[in-house]
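Biologist: Could you walk me through one part of this model in detail? I'd like a close look at the place where chain C touches chain B.

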Amino acid sequence: MQLFPCPFCGPRSEAEFHFGGDAGNVRPDEDEVSADRWSSYLYMRHNQKGMSPSIWMHMTCGELFQLDRDTLTHSVAGSKALTEGGHR
Amino acid sequence: MTRHYSALSVFKEGLNSQKGWQKAWRSPEPKKRYDVIVVGGGGHGLATAYYLAKNHGIRNVAVIERGWIGGGNTGRNTTVVRSNYFFPQSVALYDLSLKLFEKLSSELNYNIMLSQRGMLSLAHSMPEMEMAARSANAMQINGVDAELLSRDQVRELLPLYNFSKESRYPVHGAVIQRRAGTARHDAVAWGYARAADRFGVDIIQNCEVQDFIQNGGICCGVRTTKGEILADRVGVAVAGHSSQMAERAGFRLPVVSYALQACVSEPVKPALDTVVLSPATGTYVSQSDKGEMVVGGGLDRIPSYSQRGNLPVLETAIAGLLEMFPSFRQLKLMRQWSGIVDVVPDSSPILDETPLPGLFINCGWGTGGFKAIPAGGTLLAHLLATGRHHDISRPFGLDRFSSGRLIDEAAGSGITH
Amino acid sequence: MTSFRTLQPANSLTEKVVRFTFDGQRLEGLEGDTIASALLASDVSIVGRSFKYHRPRGLWGVGVEEPNAFVDVSGTRSLVNARATTEMLVDGMDVRSVNASPSAARDRHSFVDRFARFIPSAFYYKTFMWPNWHLFEPHIRKMAGLGVIDPIATYPQPADQINETCDLLVVGGGPAGLLSALIAARSGRSVVLCDDGLELGGSLLHHRAMIDGVDGFEWVRRCRQELHTLGAKVLTRTTAFGIYDHNLVGLNERRPVGADRLWRVRPSAVFLATGAIERPLPFANNDLPGIMSAEAGLAYLRRFGAAAGKRIVVATNNSMTKEVAEAFAPIADVREVDYRRGVRIVGAHGGSRVDAVELSNGSVIQADAVLVSGGFTPTIHLFCQARGKLKWDDKLLVFRAGEDVPNVSIIGAADANFGLGEVFESAGNALRKIGCEAPAMPRLEGHSSSFEIVETWPKPKMEGRVWIDLQHDVTTKDIELAARENFVSVEHLKRYTTLGMATDQGKTSNLAGLALMAELTGRTVPEVGTTTYRPPFTPVPFGSFAGARGGVLLNPPRRLVLENLHRDDGAHLREYGGWLRPAWYGDEAEERAVQREAMQARKSVALFDGSPLGKIEVMGPQAAEFMDFIYYNTMSTLKPGRCRYGFILRESGIVYDDGVLVRLEENRFIVSCSSSHVPGVYAMLEEWRQDRFDRRRLYIHNATAQTATLTVSGPRSKVLLDAVGLGISFDDASLPHMATGWGSFDGTQVRVTRVSFTGDRSYELSIRADRAEALWSRLKHIGQSHNAVLMGLEALMTLRAEKGFIVTGKDSDGMTLPMDLGSSAPLSKKKVDYLGKRSLFTEEAQRPDRTQLVGLEVIDGGGRFPTGAHGVLKTGSGKRSLGYVTSSYHSPTLGRPIALGLIERGAARHGEVIDVQHLGEMRQARIAPPCAFDPEGERLNA
């Protein structure tokens, strides 16, 4: 069982968190979005092996945040609230 | 030297102290160039090489494996084979696979122990029975064997199931595919490897592909830990690590890697005769020929490349198992492990030429790659040999993500997501 | 008689006699015995049969390393594949050997061994193909497997699961572990010490030592005492079976009474003092009963007073067995074979038990027991699970822990320290690493710490059958076969020969197998490497993992605040979307009850508990803009006090939920999503609020659980509510359809919302959950004079289907777009961006042959269509599915069957007849509009 640090609640069990995708996968907001641009936003993923920034929701407090974790070793480098420079 | 496997050759070699058996496959050094290179020595990669030789006469082929063949998900799954899918496109794919499995032992001259014990997908409520009917009808219309079983019929097949009033998940009925079952996973990899080797395919183990060689925007080989190897076409079948390969080739895939856990109990005398899946608990189980209960559950919900077991998901799967089969409380967990699977948004595989011309990919099988090995191999071989889709692989191209034409099997089973 | 109980004092026993049976034979042991020690003391030499060849096998070990002695136990509690060496003997136990019939001594399958030459490793891959594997498989299945599941055994349930944190977890209660735990506890650290044995002490239970002036056994007693005084948690019979992510250690505690117990320990630091396991020596017939680990022989003698034999050969390649020979000298004829002096055993003789060994110098020694030591393998499983890397020690001939792993230290014999002085020193070093300064080291007397060993790996072409894996019957020849066939990678070797895959997981066999493979392929042992160490270290009962999660505690359903009232009214409860809800009321059969409730709802008035309905409040200056983004439909134009039906889409355009949005005030909305989607919709709202909006100007609160919703529906609903009196006018003018307002009930606010899921005039009353009971009782009471009926979910489903109202996930699937449900206006009219918008303009979304929501009429006079039946189209090659029936009921209102379905191009095909197939039977249906009843909606105001 992994422990993830919620920036608001501290370290909590992995079961309380929901994975929200790659950090930085910004929703295209321009008027005309091409099919490829849209499908890239919807589906294409970096899926990094190793340290990667990702967006999570702590379901028990409802806050989104950025978590920097290693997908291979499961080590956690840190987390930050989106309001503190974490980005989506 | 004994090449052919049979009862007679086993008997003769018994008298000969087993000294006449040949290598199952050679361990050659890589040549400078091949017609086709297949990256990934799992079931799909080895099957691809085999069908390139067998169906297309292309024998100047290398399979390049980072570790040892069959060591990825091929050797880490719960060995279930089935074709009980909802959409015609999926049925065409998976039933091709099951049909190939049905003759694979004799074709490869290797006993893959296909055990068609049947697979039951349980329904625990009236609404689930209705969904079961939707699936069974879809399968029948698509030409796959399926039956809807009543509670009493299930009871005959699963005498140890919890039919008590207190059961959290009582049985209302089930869909059964009788042709479904299990096959010995290692044997599938080794059988394909041996047969491919006989055709002249070079199986190169302990050789990691570090990059793709490109010439004029076209893929023409690989850079490996054993040097550069050139090829006219390159195929990739590296489930769990597809995104890494894509990154090296300069594109992204609609794939996230998750760990899928499985475990086995200590072996016991026969107590379960079919493969059983409970959608409510997410647990599925079968008993191996050795007597071990082979148990699988849902995906870990956390992206991972770590092939390690974890407690929370295991606990959930086993709690589900014991609710289904209370007497299995006497069993003990003997081994737990996990495999890294490619999860695609529509739970269907990807078979296509990639954005890097000359590079073809077979990935995205999610939790169900093992059952698809013969078809995945056949179809990737077809793509590599002809540069064009087989009719069965065409719906599974990468273009479906921009056109929106997903083949969403989970959706077909009534899951909105 | 060969093995026997000595009259010497034994460390672990009392004098109380314990009776048990083994394979039906009545035997006696003493309190404190394990099953294994009692069998040894009772002169039982064959304790089991091997998995494949049914070879007779005796005890090899004394603990978790045991490969042979597995038993099923009944009479006391039911155990399958229990390890006789670690299972405490209990009075009344019926013990049976596994995989043998009728008994281990006289196994009817022992003939299999005579055919062994024809069935070596992996032979099954080469045969049984013709005519068909299915012919052979049933027989093989019957032969395989060890113990037998008792189908009706009952169990102590549930298993405890305990979460624990501590400063230091020490795994292993031998000298290294005890010392570490003690010193850490003295320094004020919280300590958990676990040991998988029946008592603390490890090697000190059977090896002589003088520590701090007392003998080892007494030192252990003092340590235990002090640990207790210091408040350390000491768990015996407790196996640390796995180290998981972020240093979570799983322990399984075997308890004398009751189910095993799972501990999830999250320590700041872990010391692995897990000891080492003795290896066999390779010689022909080294599997005969009576050939035993030298350490085990000593342990049985000193701890249980059980001597392995009277004519004993001690064979060794190392310096550790000196004490074994000395210990047996007073009671047995002891001969030593010391490989370090160049002499070795080439083979053992005997039938059901060893009777002699033949040496390399040609001499033969008569013996009834052979105690062997092929060196010691450190138990590094947990270190490897913690991602530790191993290094090969060429002098000690072991893989040992390499670079440190953060917060994990490995000490004692587990780190290849085989002298007591070194053992204590390694504990001291680890203690210093966690900040215990200058720990006081115990004083040792007369202890030499030098360990010597010579290499005795199995060699190619050894004569006879030299056994590597005792349980799985792997011999040196099998490993040679694997090498010959190029299964040379360590994982291939394991899988091809099944070396190390038995229930003992190769604790005694793996290294010998690797060493032989190294020799065969011209590699070194570290070049061959080891297989991956996976949890669990020893098998763990499934029950420990399940814990309390069984029956109603497995995925517990959510409960209505009015559940008890519904039960009193005879409700039949079913689970819908995770909630336990009334399906129907009363004693009638379901079908009749549902028809009655639905009929009465149409005629007079129905009371329905709709409490799980979503009530997510959205507040703030950005609320309207936010709702426009969330919903497919335009919501900002909604007037305060009014409601609007709409869809929420995924970004993929798929309909996720439908429902009514209530605008209470300019900046305050209530999202009434489906009951099963509340957590999902809430998370979705939060996600987009935080992602795109100003969290200071937008706030979301999920009030679903705090608020009950009681629905009054039917032509007489207004009359009923007027009689209840909620301080709000129910007139159509002041509260028209799709309007909302506030009333009050006995001083509590009630939100009255006029929306309808039945097609009739309906009012939803939302009130604080703790006031719901009083309001429901009042509604029922007053309802009596208005012919009101309590309505369950099944009748509601029927009524809504008559109207063609969908249930998302039932009448839509994971591909349904809003247009497929007949809603396409926002596509052209709504200018602002919203969730999923772009996905509605893809090639796929614009495809003309999409499946669309329709009604399906029965035209053959038959009963209703089964839900799940498919519409089909005959094609040249067979047929294909056109879609399927999603909802189907008998309509009491219309007196005929009704159905909804998703059918290809259905919206444009009203009136057409299609084939419908269910389980091979064909019928016909006419496509119709989804709404079968009151299409003009007149009843909303009736």
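Modeller: Here is a tour of that contact, from the overall numbers down to single residues. Keep in mind that this is a predicted model. Chain C puts 106 residues into the contact and chain B puts in 105. The size of an interface is often given as the accessible area lost when the parts come together. Here chain C and chain B bury about 9,200 Å² between them, with 56% of that on carbon and sulfur atoms. On the chain C side, Tyr125(C), Arg141(C) and Phe542(C) lose the most area to chain B, and together they make up 10% of what that side buries.

Now for the polar side of things. The count between the two chains, C and B, is 9 salt bridges. One of them joins the side chains of Arg141(C) and Asp289(B), at 2.8 Å from N to O. Helix H2 of chain C, residues 133-143, gives the most to the side that touches chain B, with 7 residues. Sorted by class, that side of chain C has 49 nonpolar, 33 polar and 24 charged residues. Across the interface of chain C and chain B there are also 59 residue pairs in polar contact.

The backbones get involved too: strand E16 of chain B (residues 332-343) and strand E33 of chain C (residues 540-541) pair in the antiparallel sense over 2 bridges. In that pairing, Leu333(B) stands opposite Val540(C).

As for annotation, the unreviewed UniProt entry places "domain: SoxA A3" at residues 464-547 of chain C. Over residues 464-547, chain C is 44% helix and 8% strand, and the end C-alpha atoms are 49 Å apart.

Definitions and conventions. Residues numbered from 1 in each chain as written. Chains lettered and ligands numbered in written order. Predicted model: local features only at pLDDT ≥ 70, side-chain atom pairs only at ≥ 80, totals over all residues. Heavy atoms only, no water. UniProt positions renumbered as here; feature names shortened; annotations may be inferred. Helix = DSSP H or I, 4+ residues; strand = E, 2+ residues; numbered from the N terminus. Contact = heavy atoms within 4.5 Å. Buried area = accessible area lost by both parts, 1.4 Å probe. Salt bridge = Lys/Arg side-chain N within 4 Å of Asp/Glu carboxyl O. Polar contact = N/O pair within 3.5 Å; in protein donor to acceptor, adjacent residues only side chain to side chain. Nonpolar A, V, L, I, M, F, W, Y, C, P; charged D, E, K, R; others polar. Pairing = 2+ DSSP bridges.
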